[in-house]
Structure formats: structure tokens, C-alpha cells
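Hi everyone, thanks for making time this morning. I'd like to walk you through one model, with a few helix pairs, a core and some single residues along the way. Have a look at it first, and then we'll start.

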Amino acid sequence: FDFTKKMSQQPAIGILFGSQYITVAFYNGKAIDIITTIDGSRSTPVFITKTEDEWMVGESSKEQHIYNMQSTTTNLARVLAVEAYANELFSYLVELIKSHTGINVNKQRACVVVDQDNLRELVVNALSKHFASVTSLSAPSAALVAYQYDLPRKEDLHIATLDIGGHSACLSVLKADTQGYIHHVATFSCDDDNVTGDAVDALVMGYLFKMFAKKAKCIKNINELSKKGQLKLQYKSEEAKCVLSSTNKVQVDIAALFEGIDMSISLTRSRYEILLKPAITAAETFIKGCLEQINVKIDHVLLMGGNLLIPKIRSSIESLFKKLLSNDVVIQQSKPLREVAAEGAALQGS
């Protein structure tokens, strides 16, 4: 990758296409801003609902999913597989950018990061109909651009990027040389599903159901819940996980979860951190295995992905890196990967 060209004053759009979320950043020539949705969210869930009267995209569609499952499509791959849904998604993004920036996107550059390699060409080709030019970048490279590792420096740096997201985890090693070039050294993908955010959601969901079943005394298996009931429990579990990253206790309530019985369970951070042990152990095993195969000195570590925003997981991983590498290793605590990658893509697009 060649990032030696100085940043221009040309505005540009950066878009991260994750399997479940899309995040858009706007570089206006001087500063970068994450484009928020109409409800103030900093990312758009990949949910699309088609009713008789209208299309719904993002958060409004996600809210409908529980009640209108047959007409709602989720996940980027499934959305892009149907032309009408794909067109609606891209139209939504273009209008979101226009309303936030006031710019004519047809004259703007865009750079995209697409989590799933097999969808990259499809996304680039589709967006090329709306933007003046569209390029693509990998998530680790975009993150390094966002942190300005692409600038000339006095000595080479080797940076390990650890990305633990909702559905996957990988560790990449890149070299930022003295001339401002970034070189790919190695990438390792984790094949243990216990590492991911989905696994953490499942742990929380399993605990909440266990507590509910214990109180209700009329249900033993989570599959006895209706599909709507399972979705409600899943979404509440995701919300609880996010809340417990900043508070010590969360109350989870679901009306009439099973046969008219309400669920009302409290979950403390201490209990939550006990539930996290399998995810932490799996992540530590993965990292140790990767570092054993790397024959270069790691100078900096960049932590990315939603799971690494969980305080217990982040602190455990930081301690492991310092133990295995050196107490002097620089650990960058990033914002969510989707924001960092979108910002880096916007800079590169300029």
C-alpha cells in the first residue's frame, strides 16, 4: 500500500461495510466527522424491511424485525443478494450523506472497507454509480491511516492490529516504513467462535434465560420460546452487554416472554465478568498462537473491534500483550473498529 501522498484538501467519504453495521465518515478537507443517522446513531444496522407502503432501513427496520420477520432482511450478504434490497440500501446511504454534508456526492471521492472479501467488488461497482470515484482498503490498513502511521518517520515500526468483532477475529501485522509506506507482513484468522461478540451475546443470553427458567419453572429449553421471544431476548442481551461496559448493574425486563410470564432479571458487572471467562481464554490462546509464529519485534498494538471495548476483555488482552512482548509496547486503545476504519478510509479517499 502506498500512503506517501500528502493529504489533500479534497473532501471524501469513507464507508465501512460490516456484516451487521455500516459506518460513514466525512472528511471535509480539514477534519473528519462520523455521519450520524436521523436517530443520532453513529452507525446503521444492516436491516431492511419492505412493507406494502414503504421501505425501512436501519434502526427502524431493526425495531420491526421482531414483529415483521418475514419481510425483514438482515446481514450485508443477504441484502446485497437481492437487487431491490441492495439498491434501497445504497440509496439510503447516498441520501444520508447528502442530508448530513450538503455535498453533491456525484462529484466526491469515496473509499470503502468491506469486511467480507467476496462482497468488495460488488460494493465498489454499485457505489461507482453514485460517486466520482470509489476505491477500497483493508480494515487494518484503514486503521493505520486513521492513526497516521502512514506518515514518514525516523525508523520502521511493526504494528499488530487485533480485531475482535461480532462474527470474527483476526490479528494482522503491518510495517510502517520510514518513507510512509505500509507493508502487510502477516494475517491470522481465529477459528474459535468463542472469541467473538456473538459468543459473548450467547453467554449473556444463556445466563438470562437460565435465571428466567429458574423463576418461571415452566420452561427448560430456550428453543421453547417463540421466534419473537428469542429475538427479544437476543436484543436485550446485546443491550445489557453494552450497558455493563459503563455501569455496574443492568436490569433486563421483557414483558410476556413465555406464556404471559414477564422476565425481570438483574445482571451485575461482577457476574458478567465471570461469564466472560471463556471468551477471554479463547482470545488469549489465539493471541499466543499468533505471536509464536511472528518473527519480528512488535512495537505498537492497535486494539479494534467491539469486543475490545468491553473493559474486562480489553484489560486482560492489554496485560497479555505486555507480558508476551514488553512493558514498553505502545497499545493504542481505539474507538470501535467501524469508526476508525471509516475515518481512515475517508482520509485515504481524499
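Before the first pair, a quick word on handedness: a crossing counts as right-handed if the near helix is turned clockwise from the far one by less than a right angle, and as left-handed if it is turned anticlockwise. Please also keep in mind that what you see is a predicted model.

So, let's begin with helix 9, residues 277-293, and helix 10, residues 311-324. Which hand does the crossing of helix 9 and helix 10 have? It is right-handed. The residues that make this contact are I280, A283, E284, I287, K288 and L291 on the helix 9 side, and K312, I313, S316, I317, L320, F321 and L324 on the helix 10 side. Sorted by class, that contact holds 9 nonpolar, 1 polar and 3 charged residues.

Now the geometry. Two packed helices are described by the angle between their axes and the distance between the axes. For helix 9 and helix 10, the axes come within 10 Å and cross at roughly 25°. Angles under 35 degrees count as roughly parallel, and helix 9 and helix 10 are therefore roughly parallel to each other.

Let me stay on helix 10 for a moment and pick out S316, which lies in that helix. Is S316 buried or exposed? It is buried, because its relative accessible area is 15% and the cut-off for buried is under 20%. Setting aside residues up to four places away in sequence, S316 touches I280 and E284, and both of those appear on the helix 9 side of the contact we just went through. If you look further along the chain, D328 is 12 residues from S316 in sequence, and their C-alpha atoms are 17 Å apart in space.

P311 is in helix 10 too. Not counting neighbours within four places in sequence, P311 is in contact with S245 and R269. For a sense of scale, P311 and D150 are 161 residues apart along the chain, with 29 Å between their C-alpha atoms.

On to the core. In soluble globular proteins, nonpolar side chains tend to be buried together. Here, the largest nonpolar core has 55 residues, and the ones with the most contacts inside it are L162, L171, I317 and F321. Which helix gives the most to this core? That is helix 6, residues 197-216, with 9 residues. I317 is a nice one to click on: leaving out its neighbours within four places in sequence, it contacts L162, A283, E284, I287, L303 and L308. Apart from this core lies another, of 33 residues, including I15, V24, A86 and V124.

That brings us to helix 6 and its partner, helix 7. Their axes come within 9 Å and cross at roughly 110°. Angles of 65 to 115 degrees count as roughly perpendicular, and that makes helix 6 roughly perpendicular to helix 7. This crossing is right-handed. Helix 6 brings G197, V200, D201, V204, M205, L208 and F209 to the contact, where they meet Q230, L233, Q234, S237, E238 and K241 of helix 7. By class, we have 6 nonpolar, 4 polar and 3 charged residues.

From that list, let's zoom in on S237, which is found in helix 7, residues 227-243. S237 has a relative accessible area of 1%, so it is buried. What does S237 touch, not counting residues up to four places away in sequence? The answer is D201, V204, M205 and L208.

Now for two residues with an unusual backbone sign. K217 sits in the loop between helix 6 and helix 7, and it has a positive phi of about 60° although it is not a glycine. With 73% relative accessibility, K217 counts as exposed. E259, in the loop between strand 13 and strand 14, is also not a glycine, and its phi is positive, near 50°. E259 counts as exposed at 65% relative accessibility.

Last stop, L257 in strand 13. At 6% relative accessibility, L257 counts as buried. Beyond its neighbours within four places in sequence, L257 is in contact with F212, L225, G229, D262 and M263. Of these, L225 is 32 residues from L257 in sequence, while their C-alpha atoms are 7.6 Å apart.

That's my tour, and I'm happy to take questions!

Key: Residues are numbered from 1 along each chain as its sequence is written. This is a predicted model: local features need pLDDT of at least 70, side-chain atom pairs count only at pLDDT 80 or more; totals for chains, interfaces and linings use all residues. Side-chain values use heavy atoms; hydrogens and water are left out. Axes are lines fitted to C-alpha atoms, for helices over the stretch in contact, and angles run from 0 to 180 degrees between N-to-C directions. Helices (H or I, at least four residues) and strands (E, at least two) are DSSP runs, numbered from the N terminus. Angles under 35 degrees count as roughly parallel, over 145 as roughly antiparallel, 65 to 115 as roughly perpendicular and the rest as oblique. Contact means heavy atoms within 4.5 Å. Ala, Val, Leu, Ile, Met, Phe, Trp, Tyr, Cys and Pro count as nonpolar, Asp, Glu, Lys and Arg as charged, and the others, Gly among them, as polar. A nonpolar core is a set of buried Ala, Val, Leu, Ile, Met, Phe, Trp, Tyr and Cys residues joined through side-chain atoms within 4.5 Å. Buried means under 20% relative accessible area, exposed over 50%, partly exposed in between (1.4 Å probe, protein chains only).
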